[in-house]
Amino acid sequence: MPAIIAHARELHRLGPANNDRLSAVRVALSVAVPGLVLILIGRPDLMMYAVFGALTGMYGRNETHQLRLKHQAQAALFLVGGLTIGVLLSVNHIHSWWLVLVATLFAGAGSLYADAVRLKPIGPFFGILALGACASVPTNVPLTTAVLIGAGSAAFSLLVGFAGWFRHRRWETGAVRDVPDLRGPLRQGTPVRTATIQAAMVHAARYALAVSVAGSIGVLSGSGHPHWAMAAAAVPLAGADLPSRVHRGIHRIVGTFLGLAVVAVVLFPGPLSPLQYFPGHTAVVLAVLVVLCQFPTELFMARHYGWAMVFFTPVILLIAQLAAPMDPGLLVMERAVETFVGAVVGIAVAVLVRAPRGRVPL
């Protein structure tokens with residue numbers, strides 16, 4: 001019983017504040033400027049590509065300027081890579097099982113890349129999300145245009161993240177990232193490099209297995225958005241240990257469901273929906289809401305993943321609605337089901353695919 005109570009407390013505990021407002025402002029600005037440009041030129045339907053490029057700003061949040069520039073550039077390569085693959089699949093009308101296969105391979109390779117460059121936020125989640133989302137909506141612009149929007153948005157995020165250097169003009173020679181060692185326990189006598197490679201391969205296998213199983217369930221169920229299940233399956237695996245992985249999966253489910261309530265208020269007809277007060281400007285209103293929701297998403301991302309999902313869920317669903325409008329009821333229902341299925345699969349993989357026994361901590 002004490003263990004259960006401790007887990008319950010951990011689920012709703014806010015982590016300590018760590019310069020969260022400044023990071024949230026940077027990310028919100030990175031989303032707002034490209035988004036407003038698209039609104040002004042009358043193309044808010046292309047907001048998806050700008051948002052995924054702008055997520056570059058979520059990386060390297062409390063690092064020195066040169067480290068942030070380096071790690072955001074590495075993240076931008078990964079995000080724009082996922083976006084490009086997704087758009088390529090969309091342009092060629094490649095969906096269903098082919099999407100699951102490509103996303104599975106990308107998840108495994110992305111995990112290895114994220115571990116190698118030590119991305120933080122940890123893992124390939126955002127790249128998987130970008131790939132699946134962009135593959136699942138019709139592309140009404142040339143491939144190069146979509147990719148350039150994403151790349152341009154990522155480049156602007158790099159500029160925003162590095163802008164503070166022009167005021168301080170301080171460069172810390174030899175600065176290195178201070179992140180926890182995620183290798184986990186090592187076998188007695190195992191060289192560190194060998195153990196690191198083994199751990200990275202096991203972790204990549206977890207991602208590939210979780211994404212493939214969740215995506216397969218999504219396709220077999222007839223869902224129009226199996227990529228939501230695949231993305232949700234990747235979420236728990238970013239935890240440092242088993243309890244944190246289970247907690248992240250639960251946060252994903254609960255936070256998404258609360259976020260869906262926000263989406264329902266916005267999209268369903270009623271006096272609380274802002275769309276009722278701006279008839280004829282639905283796309284603009286949705287685009288503005290995407291920008292506004294990005295700030296609290298980043299504000300809570302490092303402190304409480306569940307609260308972050310309350311605001312990130314509207315971001316993802318509203319950009320999807322901008323790109324390819326669909327019945328709001330179906331949109332909310334499929335998001336709820338796919339998220340639940342994906343998160344449960346991710347938790348199951350985290351529990352079942354464990355490090356080999358007989359290891360001792362460093």
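**Salt bridges**

I started with a search of the whole structure for salt bridges, and two turned up. For my own reference, a salt bridge here is a side-chain nitrogen of Lys or Arg within 4 Å of a carboxyl oxygen of Asp or Glu. A note before I go on: this is a predicted model, where local features need pLDDT of at least 70 and side-chain atom pairs count only at pLDDT 80 or more, while totals for chains, interfaces and linings use all residues. Residues are numbered from 1 along each chain as its sequence is written, and side-chain values use heavy atoms, with hydrogens and water left out.

One bridge pairs Arg43 with Asp45, and I noted 2.9 Å between the closest N and O atoms. Are these two buried or exposed? Arg43 is partly exposed at a relative accessible area of 27%, but Asp45 is buried at 17%. The cut-offs: buried means under 20% relative accessible area, exposed means over 50%, and partly exposed is in between (1.4 Å probe, protein chains only).

Next I looked up Arg61 and Glu298, whose side chains meet in a salt bridge at 3.1 Å, N to O. Arg61 sits in the loop between helix H3 (47–54) and helix H4 (65–91), and Glu298 sits in helix H12 (residues 282–301), so this pair ties together parts 237 residues apart in sequence. Helices here are DSSP runs (H or I, at least four residues), strands are runs of E (at least two), and both are numbered from the N terminus. Arg61 counts as buried at 13% relative accessibility, and Glu298 is buried too, with a relative accessible area of 1%.

**Helices H6 and H13**

How do H6 and H13 cross? I found that the axes of helix H6 (residues 125–135) and helix H13 (residues 305–323) come within 14 Å and cross at roughly 20°. That makes H6 roughly parallel to H13, because angles under 35 degrees count as roughly parallel, over 145 as roughly antiparallel, 65 to 115 as roughly perpendicular and the rest as oblique. The axes are lines fitted to C-alpha atoms, for helices over the stretch in contact, with angles from 0 to 180 degrees between N-to-C directions.

Then I checked who touches whom, with contact meaning heavy atoms within 4.5 Å. Phe125, Phe126 and Leu129 in H6 meet Tyr305, Phe312 and Ile316 in H13.

**Backbone oddities**

Most residues other than glycine have a negative phi, and most peptide bonds are trans. I went looking for exceptions. Lys120 and Pro121 are joined by a cis peptide bond, with omega about 15°. Pro121 is in the loop between helix H5 (96–117) and H6.

Arg118 is found in that loop between H5 and H6 as well. Its phi is positive, about 60°, although Arg118 is not a glycine. Arg118 counts as partly exposed at 37% relative accessibility.

Ser96, in helix H5, has a positive phi near 55° and is not a glycine either. I have Ser96 down as partly exposed, at 34% relative accessibility.

**The whole chain**

How many helices and strands are in the protein chain? I get 14 helices and zero strands. Of the 362 residues in the protein chain, 52% are buried. Last lookup: among contacts with a separation of 6 or more, 81% are between residues 24 or more positions apart.
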